[in-house]
Amino acid sequence: MSTGPGADSAPAPTSTHESKTGGTFSSLKIRNYRLFATGAVISNTGTWMSRITQDWLVLSLTGSAAAVGITTALQFLPMLLFGLYGGVIADRLPKRQILLVSQAMLGLCGIALAVLTLTGVVEVWHVYLIAFLLGMVTVVDNPARQSFVSEMVGPAQLRNAVSLNSANFQSARLIGPAVAGVLITTVGSGWAFLLNGLSFLAPLIGLLMMRTSELHASVRVPRAKGQLREGLRYVRGRPELIWPIVLVGFVGTFGFNFPIWLTAFADGVFDGGAGMYSFFNILMAAGSLAGALLSARRRSTRLRMLVAAGTAFGLLEIAASLSPYVWLFSLLLVPIGMLGLTTNITANTSVQMAADPEMRGRVMSLYMMVFAGGTPVGAPIVGWISDTYGARVGFASGGVISVIAALAVGFALARVGGLRLKVDLRQGRPHVRFVPRERLATAA
């Protein structure tokens, strides 16, 4: 791990201790993390049920893909506006206490939407408002949850735990859409929202059952002026932090608008319904879960993997947008999910491993602000493109931007790291690759 703001190295090589703590599920040997993961998979399942139900409810109320985009944008707008302040709070206050409050508030938002829907009075502005409130809570919840992982597992297991968190989220994504599809078509959307609200009892119980004596000591940052600017200066001066954040910013803003595209393809392109939309999400979740588990097995994080995964992700989105058959479109969703998660996890772990502990909350808030906070910008644009020019053009535009961003960041990293492009036409060798000269050689 880097030792100061001016360090220009890549994330530190895997330590001897870390290399001995292998295994795909090694983090689950830690009791506190097991409690955290168990609660998370339950609440994540409820969250995915709510997301699918929310998107379909908005589409049924308005008939507009752009309205789905507005809902998504409102949920992530607070992260764009206030995300950095959430990181400052996460660095100042005990993260476990933050999570106890934030998880309870997320559950209350779910129950409020359930009551509105079950009583038959729900209107689209209600969904917009609750989406915005969820986003406000997430401003603090996200950086606290991301940085709390290191307190539960320590530096040796951090990379594995981050990957398992994503695997956890994607496992829930396999179950949530399927349950949501059944509930929407049988008993109605309100019950899906209610189950989501109640699901947050699980992480609350897990947090209360943790043994605080077994948590790794965290660096508490005292209240002081200029902490927000300090965090920005810290990231700006370190290429191993700024460039992964730039890439996930473009990919998150324009390449991850799946609620818009999948509803449009299910409803308009392939003339399906809520069941097809849920099926699309399940396929993407299967690919994402595979990507998360593969990431958990890797012992190191390399920035060239980030660039390659981002490029392939965009290319597959373009291919899927051109697919004339529903079966081919469905098949392509699996590797799209896998490469999208690989891009996200690689960026997330490289940033966390490179950040100093006392700066991690602010660094991760910037990461999440850029990744998720770009959605208020990208979602309405992509929704408008999909409504005006068709879902295929909207999907393809997200893929094109992702490819351009990945290639641009790849060349920027090569330039900063003193790498050069080498072409080798001999049999059995990589034909095109970057060859390190000096800085960032270990990361490329």
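**Entry 1: salt bridges**

I started with E214, which forms a salt bridge with R211, the closest N and O atoms being 3.1 Å apart. The rule I used for a salt bridge is a side-chain nitrogen of Lys or Arg within 4 Å of a carboxyl oxygen of Asp or Glu. This is a predicted model, so I kept to pLDDT of at least 70 for local features and 80 or more for side-chain atom pairs, while totals for chains, interfaces and linings use all residues. I number residues from 1 along each chain as its sequence is written, and my side-chain values use heavy atoms, with hydrogens and water left out.

Are E214 and R211 buried or exposed? E214 is partly exposed at 36% relative accessibility, and R211 is also partly exposed, with a relative accessible area of 41%. My cut-offs there: buried is under 20% relative accessible area, exposed is over 50%, and partly exposed is in between, with a 1.4 Å probe and protein chains only.

How many salt bridges does the rule give? I get 3. One of them joins the side chains of E151 and K95, at 3.4 Å from N to O. E151 sits in helix 5 (residues 124-153) and K95 in helix 4, so this pair ties together parts that are 56 residues apart in sequence. I take helices and strands as DSSP runs numbered from the N terminus: H or I with at least four residues for helices, E with at least two for strands. I looked up the cover too: E151 is buried, with a relative accessible area of 9%, and K95 is buried, at 6%.

**Entry 2: D141 and its surroundings**

D141 makes a salt bridge with R145, where the closest N and O atoms are 3.0 Å apart. The two are 4 residues apart in helix 5, which means about one helical turn separates them. I find D141 buried at 2% relative accessibility, whereas R145 is partly exposed at 28%.

What else does the D141 side chain meet? I found a polar contact of 2.6 Å between the side chains of S102 and D141. For a polar contact I need a pair of N or O atoms within 3.5 Å; within protein, one must be able to donate a hydrogen and the other to accept it, and residues adjacent in sequence count only if both atoms are side-chain atoms.

S102 belongs to helix 4 (residues 95-118), and I count it as buried at 4% relative accessibility. Setting aside neighbours within four places in sequence, S102 is in contact with V137 and D141. Contact here means heavy atoms within 4.5 Å.

I checked Q103 as well, also placed in helix 4. Q103 is buried, with a relative accessible area of 8%. Beyond four places in sequence, I list S43, D141, R145, F200, P203 and L204 as its contacts. Both D141 and R145 of the salt bridge are thus on the Q103 list.

**Entry 3: helix 11 and the rings**

Which residues of helix 11 (residues 258-269) are buried? I have F258, I260, W261, L262, T263, A264, F265 and A266. I picked A264 for a further look: A264 is buried, with a relative accessible area of 15%. With neighbours within four places left out, A264 touches V269 and A391 by the contact rule. I also noted 9.8 Å between the C-alpha atoms of A264 and G394, which are 130 residues apart along the chain. After helix 11 comes D271, with a positive phi near 55 degrees.

F258, W261 and F265 also turn up among the rings: ring pairs link F256, F258, W261, F265, F270, F280, F313, F329 and F395 into a cluster. I pair rings of Phe, Tyr and Trp (its six-membered ring) if their centres lie within 6.5 Å; planes under 30 degrees apart are stacked, over 60 edge-to-face, and the rest tilted. My count is 17 aromatic pairs.

**Entry 4: L198**

I looked up L198 in helix 7 (residues 189-199). L198 is partly exposed, with a relative accessible area of 40%. L198 and G46 are 8.2 Å apart, C-alpha to C-alpha, with their positions 152 residues apart in sequence.

**Entry 5: the chain overall**

I count 17 helices and 2 strands in the protein chain. Of its 444 residues, 57% are buried. Among contacts between residues at least 6 apart in sequence, 83% join residues at least 24 apart.
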